Amino acid sequence: MTITDLPTASFWRPGDHPGERQFAHVGPVALERGDSLPDVTVAYETWGTLNAARDNAVLVEHALTGDAHVEGQAGPGHATPGWWDGLVGPGRPLDTDRLFVVASNVLGGCQGTTGPSSDAPDGHPWGGRFPAITIRDQITVEVLLADQLGIDRWAGVLGGSMGGMRAIEWATSHPERVETCIVIASTAYATADQIAWCQPQLLAIRSDPRFHAGDYYEHGVAPLDGLGIARRIAHVTYRHEGELSERFGRDAQPGEEPLGRGGRFAVESYLDHHAGKLGARFDANSYLVLSEAMNSHDIGRDRGGVAAALAAFTGRLVVAGVDTDRLYPARLSEEIAALRPGTTLKHISSRFGHDGFLIEIERVGQIIREAFDGGPGDV
């Protein structure tokens, strides 16, 4: 098992390039549900320098359609700029003058880490054969990466949305390896509402005639219609009703007539735009695998409940909810704080709903900076 800078064949679209990514080959991985993967590769990026004591490393966890590219410009291997651009660097909240920042693409993803579009041992993409995975399986892989990097204990693990699920799973699965955990716009378990919103997204992809039971790669097609519908559904949950109303109202898309003429309202054009963007950079099978992994999330499973799981973590826990989030409402952050004495509870005010954790960079940066500097408590 060695770390290498060589590219892998596990990208969703032929012709993608690895860019600045590095790759760790972590070997076979036994999965929670009894299956296994024989050879897992992890794509990751780093910023800053690991110190001699190896105690200044911070792990940043990405959300559902994110990747390891937290900071930086779009370019070869990176379809979009860093998804938390502005938070990592000298003097920034994740200050690379003193911290070694690591971000990896999640198991089941499509940006360099082993996932459904990666080759199975028979030389063909896993496709529909890729096993079901859980958030805990994703942490198992990240533990193997940390071991290869020589990091026994993270100074911090943080993330928002699905990244927050992984952050809190780190703290409860491996409490001795996490000093500070920051969970933003996330939850200790997937709620019925979140699972319900997910179901039509999964059905949309699997109902696309081009899905071919997940084996569409060798047919030279992709279920982009289904993926686009899934993204439209999801994106509505990511934004706040008030913002959509203020931004679009009942306006027609310029040059189109939506009332019986086949045209679109402006808000429909907005959803179409985001559907197209995702289809150009993300694999539908990964969307399925990662969504179902999110549905599996429950730190209290087989641990005596959420409170008992949280009690195992003796480090600093910071949770922050977005006041307009309708997918991961702030009450879920408040519930974590109520169940675990000593938790620092923060609030993010935003007109953007769930996506506030990506957009309100100044406030998110303040929360991160205070967590690592030992700043104010509940705010």
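How much space lies in the largest pocket? The volume is about 960 Å³. The model toured here is predicted, and each stop below names a selection and describes what is found there.

**Stop 1: the largest pocket**

Begin by selecting Thr65, Arg231, Arg281, Asp355 and Leu358, which of the 41 lining residues are the closest to the centre of the largest pocket. Then colour helix H3 (192-207), helix H4 (224-238), H6, H7 and helix H10 (356-359), each of which supplies at least two residues of the lining. By residue class, the lining of this pocket divides into 19 nonpolar, 15 polar and seven charged residues.

**Stop 2: the largest cavity**

Keep Arg281 selected and add Asp67, Ala79, Thr80 and Gln111; of the 11 residues that line the largest cavity, these five are the closest to its centre. A search of the whole structure finds one cavity of 30 Å³ or more, and about 60 Å³ of space lies in the largest cavity. Its lining comprises two nonpolar, six polar and three charged residues. Arg281 is thus listed among the residues closest to the centre of the largest pocket and also among those closest to the centre of the largest cavity.

**Stop 3: Ala280**

Move next to Ala280, which is found in the loop between helix H6 (266-279) and helix H7 (284-296). Is Ala280 buried or exposed? The residue is exposed, with a relative accessible area of 52%; the cut-off for that class is over 50%. For a distance across the model, select Leu327 as well: Ala280 and Leu327 are 47 residues apart along the chain, and their C-alpha atoms are separated by 25 Å.

**Stop 4: His274 in H6**

Within helix H6, select His274. At 16% relative accessibility, this histidine counts as buried. Which residues does His274 touch, not counting residues up to four places away in sequence? The contacts are Arg231 and His235. Arg231 has already appeared in the tour, as one of the residues closest to the centre of the largest pocket. Adding Gly228 to the selection gives a further reference point: His274 and Gly228 are 46 residues apart in sequence and 8.1 Å apart in space, C-alpha to C-alpha.

**Stop 5: helix H9 and its cover**

Select residues 330-339, which form helix H9, and highlight Ala330, Leu332, Ser333, Ile336 and Ala337, which are buried. Looking down the axis of H9, one finds the buried residues within an arc of 165°, so they line one face of the helix. An α-helix has 3.6 residues a turn, so residues three or four places apart point the same way. To see what covers the buried residues of H9, display the elements that include helix H2 (162-173), H3, helix H8 (306-311), strand E10 (316-322) and strand E11 (344-348). Of these covering elements, H3 also supplies at least two residues of the lining of the largest pocket.

**Stop 6: Thr140 in H1**

Turn to helix H1 (residues 135-149), where Thr140 is found. Thr140 is partly exposed, with a relative accessible area of 32%. Select Ser173 together with Thr140: the two are 33 residues apart along the chain, and their C-alpha atoms are separated by 9.2 Å.

**Stop 7: two residues with positive phi**

Select Arg54, in the loop between strand E3 (36-47) and strand E4 (57-61). Its phi is near 55°, a positive value in a residue other than glycine. Arg54 counts as partly exposed, at 41% relative accessibility. Proceed to Asp302, in the loop between H7 and H8. Asp302 is not a glycine, yet its phi is positive, at about 60°. At 74% relative accessibility, Asp302 counts as exposed.

**Stop 8: Cys110 and Cys198**

Finish by selecting Cys110 and Cys198 and displaying their sulfur atoms. How many disulfides does the structure hold? The number is zero. A disulfide is a covalent bond between the sulfur atoms of two cysteines, and the cut-off applied here is a pair of cysteine sulfur atoms within 2.5 Å. Why is Cys110 not bonded to Cys198? Although Cys198 holds the closest cysteine sulfur to that of Cys110, the separation is 16 Å, too far for a bond. Viewed from Cys198, the closest cysteine sulfur is that of Cys110, again at 16 Å. Both cysteines count as buried: Cys110 at 0% relative accessibility and Cys198 at 7%.

Note on methods
Residues are numbered from 1 along each chain as its sequence is written. This is a predicted model: local features need pLDDT of at least 70, side-chain atom pairs count only at pLDDT 80 or more; totals for chains, interfaces and linings use all residues. Side-chain values use heavy atoms; hydrogens and water are left out. Buried means under 20% relative accessible area, exposed over 50%, partly exposed in between (1.4 Å probe, protein chains only). Helices (H or I, at least four residues) and strands (E, at least two) are DSSP runs, numbered from the N terminus. On a 1 Å grid over the protein atoms alone, a cavity is a set of points where a 1.4 Å probe fits but cannot get out, and a pocket is an open set with protein on both sides within 12 Å along at least five of seven lines; lining residues have an atom within 4 Å of a point. Grid points are joined across faces, edges and corners, and a volume is the space filled by probe spheres set on the points. Ala, Val, Leu, Ile, Met, Phe, Trp, Tyr, Cys and Pro count as nonpolar, Asp, Glu, Lys and Arg as charged, and the others, Gly among them, as polar. The arc is that of the directions from the helix axis to the C-beta atoms. Contact means heavy atoms within 4.5 Å.
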